[in-house]
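Visitor: I would like a close look at a single part of this model, please. Could you start with how the strands are arranged and then show me what lies around them?

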Amino acid sequence: MKSLACTSKSISRYNNGTRRIILRPPEPVEFYAGQYLQLIVQDDKFPFSIASAPQSKEELELHIKPTPNSEESDRIEALLDFSERLEIEIPLGDCFITNAPNHPLILIAASTGVTQMKSIIEHLAQTGFEQPVYLYWGVLSDSDFYLNELCETWAKNYNEFQFVPVVSETDNTPAWQGRKGLVGEAVLKDFEDLTNLTIVVSGSPGMVYATYDAFIAEGMPPTNMKSDIFSYAPRS
């Protein structure tokens, strides 16, 4: 792990307010698809998944969504607004993909957890898909699908890739005609046999452990599921 002072090359916003930050480190950075970095804000450190593929060693992409009524989020937003150099620690995390699995890969993301999956998908697109890859992306409202066009492009360009968007709070999105409910439940409806799969989950600790418990109850071997939450926020 290295501490690096990166130049903030560009900051833009997606339609839902999520920022897209492109960092330029002082030297090429080695990391694996699915790993994360920590943004250093004074004496505190905040983890963010790396959205870019590891083949892009000279630039790092982050997606950061503001959290209302959060002092920590306000500090991060202020740093992004006014600082041209950002201090990071990289790489971190043991939930990553190096080579394409020899069986289907299911990626389950909640909200901006899709950034980890973006890195994995773009890495596999460059190294070669060997088995089907499924991205299940769960959000509260359909307006939260800020990477929807990119996901649809992957689905068109790669025969091995399928994208399944899922909305949970359908009362606020009455026009939504796609899958509804919890994203983990959508996977369980589509897959009866969970024994020959690699499953990567990104979301809050509550979401990840609820998904893990539901899949275990349906016969998934415990080692089939990977998440940074298992090491970052282990159960007591």
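Guide: What follows is a walk that begins with the strands and moves outward from there.

First, two notes on reading the model. Residues are numbered from 1 along each chain as its sequence is written. The model is predicted, with local features needing pLDDT of at least 70 and side-chain atom pairs counting only at pLDDT 80 or more, while totals for chains, interfaces and linings use all residues, and side-chain values use heavy atoms, leaving out hydrogens and water.

Now to the sheet itself. It is open and built from six strands, in the order β4-β3-β6-β1-β2-β5, with antiparallel pairing. Helices (H or I, at least four residues) and strands (E, at least two) are DSSP runs numbered from the N terminus, and two strands pair if DSSP finds at least two bridges between them. The edge positions belong to β4 (44–49) and β5 (60–64); each has a single partner strand, so one side of each is left without a neighbour in the sheet. On average, neighbouring strands are turned by 40 degrees against each other, direction ignored. For such angles, axes are lines fitted to C-alpha atoms, for helices over the stretch in contact, and angles run from 0 to 180 degrees between N-to-C directions.

Strand β1 (residues 2–13) is a good place to follow the pairing. It runs antiparallel to β6 (residues 85–92), joined by six bridges, and C6 stands opposite L86 there. Six bridges also connect β1 to β2 (residues 19–24), again antiparallel, with S12 having R20 as its bridge partner. β1 and β2 make a hairpin with five residues between them, and G17 in that turn has a positive phi of about 95 degrees. On to β5: β2 pairs with it in the antiparallel sense over five bridges, and R19 has I64 as its bridge partner. Helix α1 (residues 71–82) packs on the sheet and touches β1, β2, β3, β4, β5 and β6, its direction making about 85 degrees with that of β3. Contact here means heavy atoms within 4.5 Å.

From β3 we can step out to the aromatic rings. The structure holds twelve aromatic pairs. Rings of Phe, Tyr and Trp (its six-membered ring) pair if their centres lie within 6.5 Å; planes under 30 degrees apart count as stacked, over 60 as edge-to-face and the rest as tilted. Y36 and Y232 are edge-to-face, 6.4 Å centre to centre with 80 degrees between the planes. Y36 lies in β3 (residues 36–41) and Y232 in helix α6 (residues 229–232), so the pair ties together parts that are 196 residues apart in sequence. Y36 counts as buried at 11% relative accessibility, whereas Y232 counts as partly exposed at 48%. Buried means under 20% relative accessible area, exposed over 50%, and partly exposed in between (1.4 Å probe, protein chains only).

Another ring pair also involves α6. The centres of Y212 and F230 are 5.5 Å apart and their planes are at 70 degrees, so this pair is edge-to-face. It links distant parts of the chain, with Y212 in helix α5 (residues 205–217) and F230 in α6, 18 residues apart. F230 is partly exposed, at a relative accessible area of 26%.

What about the nonpolar interior? In soluble globular proteins, nonpolar side chains tend to be buried together. A nonpolar core is a set of buried Ala, Val, Leu, Ile, Met, Phe, Trp, Tyr and Cys residues joined through side-chain atoms within 4.5 Å. The largest one here has 27 residues, of which L107, M117, I120, L124, L135 and W137 touch the most other members. At least two residues each come from β7 (105–110), α2 (114–127), β8 (133–139), α3 (148–157) and β9 (161–167), and α2 gives the most, with five. Apart from this core lies another, of 22 residues, among them I108, V164, V183 and L197. Leaving aside neighbours within four places in sequence, I120 is in contact with A33, G34, I97, L105, L107 and V200.

We can finish with T115, found in helix α2. T115 counts as buried, at 2% relative accessibility. Its side chain reaches the backbone oxygen of T112 at 2.9 Å. Not counting residues up to four places away in sequence, T115 touches S49, I50, A51, H63 and Y146.

Note on methods
Polar contact = N/O pair within 3.5 Å; in protein donor to acceptor, adjacent residues only side chain to side chain.
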